[in-house]
Amino acid sequence: MSDDLSGLDAESLRTELQQARMQIKKLNRETELLKGIIERNRIANAVKDNLSQIISASKSELEKYMDLLLKNCPDIIMLFDRRGRIVYCTEVFLTTCHIPAFGIIRGMGFYDLFERYAGVETAQSANKIFKTIIVEMKPLSSEDVVDFGKNGNPRNYTIQITPMVDENNLSLGSMVFFYDTTDILTAKREAELANKAKSDFLATVSHEIRTPMNAIIGIANILRSTPLNSIQMEYLKGIQNSSNTLLNLINDILDFSKIEAGKLELVPEYFDLPELLRHLKTMFELMFTQKSLYFTCSFDPRMPRVVLGDEKRIGQILTNILNNAYKYTEKGGVIFRVRQAKDHREFVFEVEDTGIGIREDAIPRLFSAFEQLDLVRNKKVMGTGLGLAITKRLCGIMGGTILPRSEYGKGSVFTVRLPLTVGSEEDLPHEAGGGDSIKFTVEGAQVLLVDDIQINLEVAKFMLNGFGIEPELASSGAQAVSLARENHYDLILMDHMMPEMDGVEATEAIRAIGGECAAVPIVALTANAVSGAKEMFLRNGFTDFLSKPMDNTELARGLQKWLPPELITKR
């Protein structure tokens, strides 16, 4: 029996020992697991410490750069808390106001701050703005003149006030930026003065050159109507050609100045495109014949007749390109093609010549202002070098393009693509396409013609005589006012620049007479053709505007427009 018990005890001991071993293994596993966790935590803590050091160093570096940025910021920046007390400002404010340290003003209310360092008016303006910010909680901006530091040196500022809010959209205060715009405004004023000086100069040049040009062209036209022998007629043609060349140069300079100033405006109207092309064909056929060159026109007969665009400027683009081909072609000739693009969105105008061509390296400079290429070969070619520059700008304004292709010594092709809206014949103005604009007389019309230069009076009188009009003449603004007071006129043609009383003053005096004089059409005749001239005349009581040298067709259209219809008799 004792042996059985001993055996039982040994078995129990073996079981307990096995269980103890399993517990030890379990404890060992848990110990290893704990060691792993401890190691990971140690690594994590090490990484955390390292990261904290990196963040701290980065933050320190960032704060250093921020401090440098704010100290060197050229603009005044201020932070105010929700009670309007200053909590921060850039160094430039302290320097401008001669404040030794920010601590002197820390916590000062905005009103007291601005009153002390900028003046009562600035403080009152700030008070209004801060009240608005508190109510509306949205950014505000304004322009003001502030004398920070009360140094007697006020500056122009753009002021931007932005409310600061927390994540719950609750106010934390406001941030105020003062952007110093004094130098910008000064530069702008100087640029405006320079632009005005340029405009005044162009107006003077325009007037001083156009005035004698009006006489030269007018006298040449008068002379052409007299009996001349063949030699005299050739001399006269030379005068007229040279006059027209000079006038084109003047117009190019004025057009370019308008484009540069952004003041050239298009006047889109429905017009007869084939009629414009026929006019160009007729004009250039004569020119090319005189130079013993062929001039071939290929106009697609399927093209729409009526299109919407600025007929005058489109004509100018095509004339410039054709003139360019004419000037640089000595042998062969020119082909002028016009068609509508396949997508019907654009019209394509091509001018192909057999001229001298353009060097490949010169093509990028082709549309530069005041530049002529290959001066040695082209020394006989007259021009300012503005024609193609203006043409490219006009194409751009119209939403079109101009593309040159050339082979040096063999010729060039210029392709213009313009987006023109197609219209119908009902869209055409009544006078369009009629060809009768100058085939009428207005005998019996009472017209007063005013100009201080005798030759200009004679030229204008000759042109008016062609319509059956015998104008009354006045050689000064004062005389025009006196005649207007005593007589009835259907139309007054008034020169602008006259001594003692100019056209603007004379028009104002005539309008002041009242009665018929208040409503009589007064048209400015002026050599001032710069941008804004017409608007200036209309603002000062004129009915319309005609530039010198006067064009017979424009004069005819004007007479039809301004004179009573019952006086006009078609021939």
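**Figure 1. A salt bridge joins arginine 337 and glutamate 350****.** Welcome to this predicted model. In this close-up, the closest N and O atoms of arginine 337 and glutamate 350 are 3.2 Å apart. Arginine 337 belongs to strand β9 (residues 333-340) and glutamate 350 to strand β10 (residues 347-353), so their pairing ties together parts that are 13 residues apart in sequence. Take a look at how open each partner is. Arginine 337 counts as partly exposed because its relative accessibility is 28%, while glutamate 350, with a relative accessible area of 16%, is buried. Side chains of opposite charge can pair when their charged atoms come close.

**Figure 2. Helix α7 carries a salt bridge between glutamate 285 and lysine 281****.** Here the closest N and O atoms of the two side chains are 2.6 Å apart. Glutamate 285 and lysine 281 sit 4 residues apart in helix α7, about one turn of the helix. How exposed is glutamate 285? Its relative accessibility is 30%, so glutamate 285 counts as partly exposed. Lysine 281, at 29% relative accessibility, also counts as partly exposed.

**Figure 3. Two phenylalanine rings pair up in helix α7****.** The structure holds 16 aromatic pairs. One of them brings together phenylalanine 284 and phenylalanine 288, whose ring centres are 6.3 Å apart and whose planes meet at 45°, so the pair is tilted. Angles under 30 degrees would count as stacked and those over 60 as edge-to-face, which is why 45° falls into the tilted group. Helix α7 spans residues 273-290, and because these two phenylalanines are 4 residues apart in this helix, about one helical turn separates them. Are phenylalanine 284 and phenylalanine 288 buried or exposed? Both are buried.

**Figure 4. Ring pairs build an aromatic cluster****.** For a wider group of rings, find Phe80, Phe93, Phe114, Tyr117, Phe148, Tyr157 and Phe178. Ring pairs link these residues into a cluster.

**Figure 5. Glutamate 554 and arginine 557 form a salt bridge in helix α14****.** Across this pair, the closest N and O atoms are 3.2 Å apart. Helix α14 covers residues 552-562, and since glutamate 554 and arginine 557 are 3 residues apart within this helix, about one helical turn lies between them. Glutamate 554 has a relative accessible area of 38% and is partly exposed. Arginine 557 counts as partly exposed too, at 44% relative accessibility. Elsewhere, Arg155, Asp180 and Asp183 are joined into one network by salt bridges that share partners. The count for the structure comes to 16 salt bridges.

**Figure 6. Positive charges gather in a surface patch****.** Arg21, Lys25, Lys26 and Arg29 make up this patch of positive charge. Let us pick out one member, arginine 29, which is placed in helix α1 (residues 2-72). Is arginine 29 buried or exposed? Its relative accessibility is 55%, so arginine 29 counts as exposed.

**Figure 7. Helix α9 has buried residues, and glycine 399 comes just after the helix****.** Within helix α9 (residues 387-397), the buried residues are Leu388, Ala389, Ile390, Thr391, Leu394 and Cys395. Follow the chain to glycine 399, just after α9, and you will find a positive phi of about 80°.

**Figure 8. Histidine 98 and glutamate 500 have positive phi values without being glycines****.** Begin with histidine 98, in the loop between α2 (91-96) and α3 (110-117). Its phi is positive, at about 60°. Histidine 98 has a relative accessible area of 58% and so is exposed. Now move to glutamate 500, in the loop between β17 (491-495) and α12 (503-513). The phi of glutamate 500 is near 70°, and with a relative accessible area of 84% this residue is exposed.

**Figure 9. Leucine 293 meets glycine 332 from a distant part of the sequence, 39 residues apart****.** What is the C-alpha to C-alpha separation of leucine 293 and glycine 332 in space? The answer is 5.6 Å. Leucine 293 is placed in the loop between α7 and β7 (294-299). At 7% relative accessibility, leucine 293 counts as buried.

Terms used
Residues numbered from 1 in each chain as written. Heavy atoms only, no water. Patch = residues over 30% accessible without salt bridge, like charges linked within 9 Å, V, L, I, M, F, W, Y side chains within 5 Å. Areas by Shrake-Rupley, 256 points an atom, 1.4 Å probe, with all protein chains shown as cover. Salt bridge = Lys/Arg side-chain N within 4 Å of Asp/Glu carboxyl O. Lys, Arg positive; Asp, Glu negative; His and termini not counted. Charge placed at Lys NZ, Arg CZ, Asp CG, Glu CD. Buried < 20%, exposed > 50% of the residue type's maximum accessible area, 1.4 Å probe, protein only. Phe/Tyr/Trp six-rings, centres within 6.5 Å; stacked < 30°, edge-to-face > 60°.
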